[in-house]
Amino acid sequence: MTIAAERFSTTLRVEEACCAHCGLPVPAGLIEPSAEHQFCCAGCDAVFQTLHSCGLEAYYRLRELGDVAPRAARPTESAFQSFDSPTFHGLYVQERPDGLCCADLALEGITCAACVWLVERLPRVLDGVIEARLSLREATVRVTWDRRKLPLSRVGQALDRLGYTPHPARDELAREIHRREARRRMIHLGVAGAIMGNTMLLALALYAGSYGQMEEQYRMFFRWLSAGLASISLAWPGSTFFRSAWAALRMRTTNLDVPISLALLVGGVAGLVNVVLNRGEIYFDSLTVLTFLLLVGRFIQYRQQRWADDAVGLLFNLTPSSCRVVRGDEVIEVPVEALHERDVIEVRAGELFPADGVVREGKSTVNQALLTGESMPTPILAGDSVHAGAQNVGSVVRVVVEKIGRDTRVGKLVGLIERGVLEKPKIQQFADRVGGIFTVVVSIIAAAVFAFWCRHSLALAIDHTVALLIVTCPCVLGLATPLALAMAIGGLARRDILVKSGAALERLSGRGRLMLDKTGTLTEGRLRMIEWVGDESWKPLVNEIERNSNHPVGRALFEATPGVAGILPPPVLRGRVGERAVEGRGRATEPPPQPSPGIPGEGENAVRDVIERGDGGLSAVWQKKDIFIGSPIFVSRKGITPSQSINEAIERFENSGLTAIVLAVAGQTVAAAGLGDRVRHDSRRSVQVLRQSGWQPQILSGDAREVAKKVAEQVGIDDAAARGALSPEQKLSIVTERKTKDVTVMVGDGVNDAAALAAADVGIAVHGGAEASLSAADVYIARPGLEPLVELVHTSRRTMRVIRRNLAVSLGYNVLAAAAAAAGWMTPLHAAILMPISSVSVLALTVVGIAGRRGTRFFSKQERVGV
Amino acid sequence: MTVLFVILPIAIVMAGAGVAAFFWAVHRGQFDDLDTPRYRALFDDVEEPTGGIRRMKSER
């Protein structure tokens with residue numbers, strides 16, 4: 001039994017039920033008081049059963065070891081037929097000489113060490129699988145299996161049933177390029193490290209020799225050897241800095257690599273000349289240490305950024321790559337690229353429309369929240385047009401394709417996004433700005449020192465200037481800045497906040513305008529029951545009737561009402577699972593037709609003949625009485641006049657932008673429910689905290705103006721700062737109008753926000769966002785709510801504080817060292833001692849400053865869960 | 001002490017051999033995944049699964 005399940009069984013309070021598989025709260029409608037384990041959705045239940053039947057319970061124990069955000073399992077229960085097609089094998093499967101096959105599969109839901117264990121147990125639980133190796137970073141498993149024993153679709157099904165839906169790892173080319181880049185950096189690091197070690201050994205002998213007697217021939221030999229080794233280090237791994245500095249200079253800008261390159265170049269050339277002429281000092285030990293340390297900093301940052309990039313890239317992979325085309329009598333799966341205009345496609349409940357088109361058969365409801373920002377799903381009938389990217393939430397429909405690819409509404413928006421990215425102003429990074437100032441200051445001091453010592457002797461002047469340039473090399477900044485950024489980005493990634501660049505962190509540490517999208521960002525982006533008027537005891541009946549409904553209204557009612565029997569609902573549609581609805585404020589204003597509604601169940605009490613009417617409601621029969629649940633119009637069309645209290649409730653709901661639903665039993669209205677897109681529980685608090693830290697929050701919504709104002713009022717944003725009914729183009733123009741030098745941050749989730757996300761100084765895509773918004777954003781928050789945004793802003797502030805403090809400390813060291821060098825007291829030995837000390841102290845400050853408080857969550861647990 | 005002229009180059013050649021071995025390991029992909037292997041050590045004392053995943057009931 002998991003910890004979550006144990007807590008449940010000891011306190012057995014309905015409000016505290018946590019899913020036995022994922023640990024998320026269980027919606028009230030899904031609680032089964034008699035069952036041993038509670039589940040937040042059918043997916044978690046199925047995975048839990050699979051794990052127990054295979055003896056894989058150790059997964060739960062392993063998972064407790066890590067600090068991982070809970071995530072509901074969503075097996076698709078697909079048969080993965082496409083995995084067996086010859087096209088699939090041609091593209092993604094490699095056949096080995098020994099007859100076994102090998103394929104890379106990207107997995108959804110990989111989070112922690114327990115996932116590694118579970119996925120790699122695959123050969124034990126599925127006969128015919130030889131090996132499964134998971135890469136945690138790429139969330140990709142390499143499966144080796146015997147195709148004579150089982151087809152790949154069985155492997156796909158097994159992974160799906162363990163809770164990890166597999167997809168073909170499509171971006172093989174991109175991954176190969178990144179792998180090469182990572183290997184190249186690794187080799188540079190190895191070479192620089194080996195040379196550093198050997199040069200230091202030689203230098204040690206030289207330093208020791210300079211105090212004792214060292215024969216001239218050996219001294220010469222050691223100096224030549226050091227020169228040879230250091231030349232390799234500077235010319236091969238060190239070329240990274242020279243290239244970067246040269247590129248910056250050609251663009252007439254500077255970066256941190258300019259002063260670094262200056263020090264390496266001057267030090268290297270002066271050292272070589274001194275070796276050849278057999279005079280003066282050599283600094284090869286310090287130079288090779290410099291090269292190595294700087295490369296280490298860069299390597300860490302590169303790895304951390306790739307991690308964030310990989311994680312976002314993985315989300316792209318998860319969008320459907322195939323769709324069902326109707327050819328004659330059969331329906332076949334084809335890749336989206338193979339779709340043509342005038343094809344007829346079948347789109348099932350929960351799937352996304354792959355193209356723009358017109359409905360030919362069937363009726364359903366579509367959720368366009370990600371496309372337009374409208375929070376209410378729209379009903380569609382034959383003849384209505386649908387757009388690519390919208391989600392079909394009702395039932396199966398057949399659609400005649402009219403526009404595909406770039407011609408679709410989404411495709412046109414992608415064009416806008418690309419323009420936004422191009423027009424985005426490039427802001428020079430902090431370290432590079434400092435690098436520019438550094439170069440100027442160091443050059444001036446170097447010139448002054450050279451001029452001063454020239455009066456004594458030219459050789460002395462050169463020696464002192466070289467010493468100055470080497471000791472003032474901003475090594476500490478070059479190492480500590482990437483390390484600080486990498487640590488911050490890594491810490492955020494562990495909290496499901498994926499930052500694509502260090503520059504985004506820098507800009508978030510400032511203050512400025514904060515544009516918030518409404519649907520899905522401030523609100524939950526899905527329909528929920530907000531209020532209930534009528535006797536509480538009617539709720540189980542509603543629950544029973546709506547049990548099998550696929551309509552968003554039906555799902556919202558079902559999840560918000562307590563159930564009675566131990567029947568599990570069908571798999572929940574794609575949506576956010578696990579956030580609990582507010583309990584309705586029951587007010588028994590009038591006596592129900594029966595003294596007590598009783599509990600629907602078996603026999604006499606069974607609910608019969610549930611029919612979805614399709615015109616705004618559904619009907620059923622219970623205890624021989626006709627039941628209607630639906631919109632006020634639907635109910636009055638059945639000849640039922642609402643009672644006065646219900647009428648008042650309906651009016652109140654409609655005035656506050658909610659959808660009213662009425663329950664009528666035996667010709668009388670007994671209850672009304674108000675449904676709407678609820679404001680997230682943490683929105684108000686987050687907006688308040690963000691305002692206190694200097695951001696001016698505004699709402700940009702594609703939804704109606706009144707709804708936007710209403711939400712603004714609820715989260716505490718001025719009426720004037722809430723704008724509704726905005727098109728994507730209008731959002732874009734608001735974001736780009738720059739009144740001051742303030743930073744503009746855009747937070748959104750939909751395709752309609754994507755262009756604005758791309759154009760903003762920092763674009764932040766939030767949980768559940770559309771693919772287009774992910775590609776346009778600098779940051780992706782994979783956790784619902786605005787609390788992660790607060791966390792992000794505070795982490796960026798802290799990081800920049802650490803970086804500035806590093807700058808101050810290293811400048812202090814540099815001033816001392818520069819003064820010593822200018823006075824002529826700096827010897828190679830002093831430089832060799834000073835450099836590691838300054839590096840270590842600044843690195844220690846960085847690690848303490850960032851890692852020391854990594855675990856702090858900004859809100860209390862109550863505020864996070866919304867109790 | 002003239003032996004230094006022989007020993008030092010030998011030492012450097014040996015270090016070069018080490019670096020070459022490192023190149024080989026990198027190109028074999030041994031450093032491609034630096035995140036997962038550290039967890040595998042944790043799994044040694046975890047009990048192995050007992051059952052198998054059964055075939056799906058409704059194979060469409």
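**Exercise 1. Describe the overall make-up of chain A in this predicted model.**

*Solution.* Begin with secondary structure: chain A contains 31 helices and 27 strands. Next, consider burial. Chain A has 867 residues, and 56% of them count as buried. Then turn to the contacts. Of those in chain A that join residues at least 6 apart in sequence, 69% are between residues at least 24 apart. Finally, the accessible surface of chain A is about 36500 Å², and carbon and sulfur atoms account for 57% of that area.

**Exercise 2. Determine how many disulfides the structure holds, and explain the result for Cys19(A) and Cys54(A).**

*Solution.* The search over all chains returns zero disulfides. The cut-off needed here is a distance within 2.5 Å between two cysteine sulfur atoms.

- Step 1: For Cys19(A), the closest cysteine sulfur belongs to Cys22(A) and lies 3.6 Å away, which is too far for a bond.
- Step 2: Cys19(A) has a relative accessibility of 1% and therefore counts as buried.
- Step 3: For Cys54(A), the closest cysteine sulfur is that of Cys115(A), at 16 Å, again too far for a bond.
- Step 4: Cys54(A) is likewise in the buried class, because its relative accessibility is 0%.

**Exercise 3. Characterise the interface between chain B and chain A.**

*Solution.* First, establish the extent of the contact: 49 residues of chain A and 37 residues of chain B take part. The buried area between the two chains is about 4000 Å², with 64% contributed by carbon and sulfur atoms.

Second, count the polar features. Seven residue pairs are in polar contact between chain B and chain A, both residues being at pLDDT 80 or more. Four salt bridges cross the interface. One of them is formed by Asp32(B) and Arg183(A), whose closest N and O atoms are 2.6 Å apart.

Third, assign the chain B side to its elements. Helix H1 (4-27) and helix H2 (37-40) of chain B are the elements that give two or more residues to the side touching chain A. H1(B) supplies the largest share of that side, namely eleven residues.

Fourth, place the pair of Asp32(B) and Arg183(A) in its wider setting. Both residues belong to a network of salt bridges that also includes Glu176(A), Arg179(A) and Arg180(A).

**Exercise 4. Locate Ser286(A) and identify its contacts beyond its neighbours within four places in sequence.**

*Solution.* Ser286(A) lies in helix H12 of chain A, which covers residues 284-317. With a relative accessibility of 2%, Ser286(A) counts as buried, since the limit for that class is under 20%. Once the neighbours within four places in sequence are set aside, the residues in contact with Ser286(A) are Pro828(A), Ala831(A), Ala832(A) and Met835(A).

**Exercise 5. Compare three salt bridges of chain A by sequence separation and by exposure: Glu95(A) with Arg147(A), Glu181(A) with Arg185(A), and Arg495(A) with Glu791(A).**

*Solution.* The structure as a whole holds 28 salt bridges over all chains. The three pairs are taken in turn.

- Pair 1: Glu95(A) and Arg147(A) form a salt bridge in which the closest N and O atoms are 3.0 Å apart. Glu95(A) is in strand S1 (residues 93-95) and Arg147(A) is in the loop between strand S4 (140-145) and helix H7 (152-161), so this bridge ties together parts that are 52 residues apart in sequence. Glu95(A) counts as exposed, at 55% relative accessibility, whereas Arg147(A) is partly exposed, at 38%.
- Pair 2: In the salt bridge of Glu181(A) with Arg185(A), the closest N and O atoms are 2.8 Å apart. Both residues lie in helix H8 (residues 172-211), four residues apart, or about one turn of the helix. Glu181(A) is partly exposed, with a relative accessible area of 23%, and Arg185(A) is partly exposed, with 25%.
- Pair 3: Arg495(A) and Glu791(A) meet through their side chains in a salt bridge with an N to O distance of 3.4 Å. Arg495(A) is in the loop between helix H17 (475-494) and strand S15 (497-499), while Glu791(A) is in helix H29 (residues 787-823), so the pair ties together parts 296 residues apart in sequence. Arg495(A) and Glu791(A) are both buried.

Key: Residues numbered from 1 in each chain as written. Chains lettered and ligands numbered in written order. Predicted model: local features only at pLDDT ≥ 70, side-chain atom pairs only at ≥ 80, totals over all residues. Heavy atoms only, no water. Buried < 20%, exposed > 50% of the residue type's maximum accessible area, 1.4 Å probe, protein only. Contact = heavy atoms within 4.5 Å. Areas by Shrake-Rupley, 256 points an atom, 1.4 Å probe, with all protein chains shown as cover. Buried area = accessible area lost by both parts, 1.4 Å probe. Polar contact = N/O pair within 3.5 Å; in protein donor to acceptor, adjacent residues only side chain to side chain.
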